[in-house]
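Here is a short tour for a reader new to this structure. Keep the sequence and the 3D view side by side as you read.

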Amino acid sequence: MKKVVSIFVAMLMAFTLAGCGGGSTSTKSNEGDLSGKISLNGSTSMQKFVTALGESFKEKYPNVNVEAQFTGSSAGIAALQKGTCDIADSSRALSDDEKNSGLIENVVAIDGIAVSINKANKVKSLTKQQLADIYTGKITNWKDVGGADEQIVVIGREAASGTRSAFEELLKIENQCKYAQELDNTGAVVAKCAATTGAIGYVSLDAVDNSINTMELDGAKATVANIKAGKYPLQRPFVMATKGKISKQNKRVQALFNYINSDAGQAIIKKVGLISAK
């Protein structure tokens with residue numbers, strides 16, 4: 001009889017230990033049990049980061065779909081105010097009016113704005129004042145800043161762009177720019193500068209590729225190191241705005257922000273050429 005009791009006790013302990021192990025598995029599956037969608041809308045400059053973030057987040061939470069639209073910062077903020085998305089991606093700081101409407105400015109990264117030029121352009125550096133003068137039409141030929149005798153083709157973004165808003169604000173030239181062309185996304189600006197010898201444009205630092213050159217400003221190159229050190233003057237926040245505090249959002253949105261602040265999320269920020277806001 002004692003032998004039977006011992007066997008029963010041993011079996012009971014085994015089931016108990018299995019149950020404990022199952023508790024660990026259950027905790028892990030709780031992450032997988034999170035389901036539904038997170039909708040984001042906004043900045044085209046944040047597309048590379050948001051896309052990489054969504055793909056990585058999906059690996060941890062396979063039942064959550066991160067659905068992002070890239071319609072421009074102001075359009076994304078308007079969508080958030082209307083309640084048609086969970087998060088507004090903005091490549092500029094929120095205005096006081098936007099904050100007063102109940103939106104919260106959650107800065108997730110810092111981005112540099114690179115001044116893009118054609119690879120054939122021999123001008124390597126400008127001052128902030130020269131750049132402002134080019135965009136306001138006071139300087140119209142590259143020879144006036146040490147380059148070839150060639151007309152400057154001033155390229156910018158559309159009025160709703162967060163990149164344009166930040167660029168003009170940082171140079172203090174709001175509503176003064178004389179654009180030859182206003183393009184509706186970052187990739188189009190890169191392509192135009194790559195194809196047009198006299199072109200000058202501005203793009204998010206993470207959008208720079210080998211098809212263009214970037215201009216030094218006040219002697220500082222557009223690099224992560226110079227932005228961190230405060231040497232490069234054109235830098236702006238990447239904001240993921242919410243309607244109310246993060247703690248008041250649904251569990252999926254809270255999980256996304258927690259993921260951004262995790263080691264994995266911070267690695268994505270670094271990988272796409274941005275600077276952590278932590």
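The report below goes from a strand to an aromatic cluster, then to a helix, a serine, the cysteines and two loop residues.

The model is predicted. Residue numbers start from 1 along each chain.

**Strand β9**

Start with strand β9, residues 199–204. Six of its six residues are buried, so the rest of the structure largely encloses this strand. The cut-off behind that word is a relative accessible area under 20%.

Which strands pair with β9? Strand β5, residues 107–117, is one of them. β5 and β9 run antiparallel, joined by five bridges. Look for Ala114, whose bridge partner in β9 is Val203. Strand β7, residues 153–157, also pairs with β9. Here the sense is parallel, and there are two bridges. Val153 has Ala199 of β9 as its bridge partner.

In a regular strand, side chains alternate between the two faces of the sheet.

**The aromatic cluster**

β9 also brings in a ring, that of Tyr202. Tyr135, Phe167, Tyr179 and Tyr202 make up one aromatic cluster. Across the whole structure, a search finds six aromatic pairs. One of them joins Tyr135 and Tyr179, with ring centres 5.9 Å apart. Their planes meet at 75°, so this pair is edge-to-face. Tyr135 belongs to helix α5, residues 128–135, while Tyr179 sits in the loop between α6 and β8 (181–183). The pair therefore ties together parts that are 44 residues apart in sequence.

How are the rings of Tyr135 and Tyr202 placed? Their centres are 5.7 Å apart and their planes lie at 45°, so the pair is tilted. This pair links distant parts of the chain, with Tyr135 in helix α5 and Tyr202 in strand β9, 67 residues apart.

Are these tyrosines buried or exposed? The table gives the values for Tyr135, Tyr179 and Tyr202.

| Residue | Relative accessible area | Class |
|---|---|---|
| Tyr135 | 0% | buried |
| Tyr179 | 15% | buried |
| Tyr202 | 1% | buried |

**Helix α3**

Now turn to helix α3, residues 73–82. Its buried residues are Ser73, Gly76, Ile77, Ala79 and Leu80. Why do they count as one side of α3? They cover an arc of only 160° around the axis, which puts them on the same side. A general rule helps here: an α-helix has 3.6 residues a turn, so residues three or four places apart point the same way.

What covers these buried residues? The cover includes strands β1 (36–42), β3 (87–90), β4 (103–104) and β12 (235–243). It also includes helices α4 (96–100) and α6 (162–171). After α3 comes Gly83, with a positive phi near 85°.

**Ser90**

Strand β3, part of that cover, holds Ser90. Ser90 has a relative accessible area of 0%, so it is buried. A polar atom of the Ser90 side chain lies 2.9 Å from the backbone oxygen of Arg92.

Which residues does Ser90 touch? Leaving out residues up to four places away in sequence, they are Ser43, Met46, Ser73, Ile77, Pro237, Phe238 and Val239. Two of these names, Ser73 and Ile77, appeared above among the buried residues of α3.

**The cysteines**

How many disulfides does the structure hold? Zero. Cys177 has a relative accessibility of 16%, so it counts as buried. Cys193 is buried as well, at 0%.

**Two loop residues with positive phi**

Asn175 is not a glycine, yet its phi is positive, about 60°. It lies in the loop between α6 and β8, where Tyr179 is also found. Is Asn175 buried or exposed? Its relative accessible area is 80%, so Asn175 is exposed.

Asp218 is another residue other than glycine with a positive phi, near 50°. Asp218 is placed in the loop between β11 (216–217) and α8 (224–228). Its relative accessibility is 47%, so Asp218 counts as partly exposed.

**To look at again**

Go back to Tyr135 in the 3D view. Its ring pairs edge-to-face with Tyr179 and in a tilted way with Tyr202. Then return to β9, with β5 antiparallel to it and β7 parallel.

Definitions and conventions
This is a predicted model: local features need pLDDT of at least 70, side-chain atom pairs count only at pLDDT 80 or more; totals for chains, interfaces and linings use all residues. Side-chain values use heavy atoms; hydrogens and water are left out. Buried means under 20% relative accessible area, exposed over 50%, partly exposed in between (1.4 Å probe, protein chains only). Helices (H or I, at least four residues) and strands (E, at least two) are DSSP runs, numbered from the N terminus. Two strands pair if DSSP finds at least two bridges between them. A disulfide is a pair of cysteine sulfur atoms within 2.5 Å. The arc is that of the directions from the helix axis to the C-beta atoms. Contact means heavy atoms within 4.5 Å. Rings of Phe, Tyr and Trp (its six-membered ring) pair if their centres lie within 6.5 Å; planes under 30 degrees apart count as stacked, over 60 as edge-to-face and the rest as tilted. A polar contact is a pair of N or O atoms within 3.5 Å; within protein, one must be able to donate a hydrogen and the other to accept it, and residues adjacent in sequence count only if both atoms are side-chain atoms.
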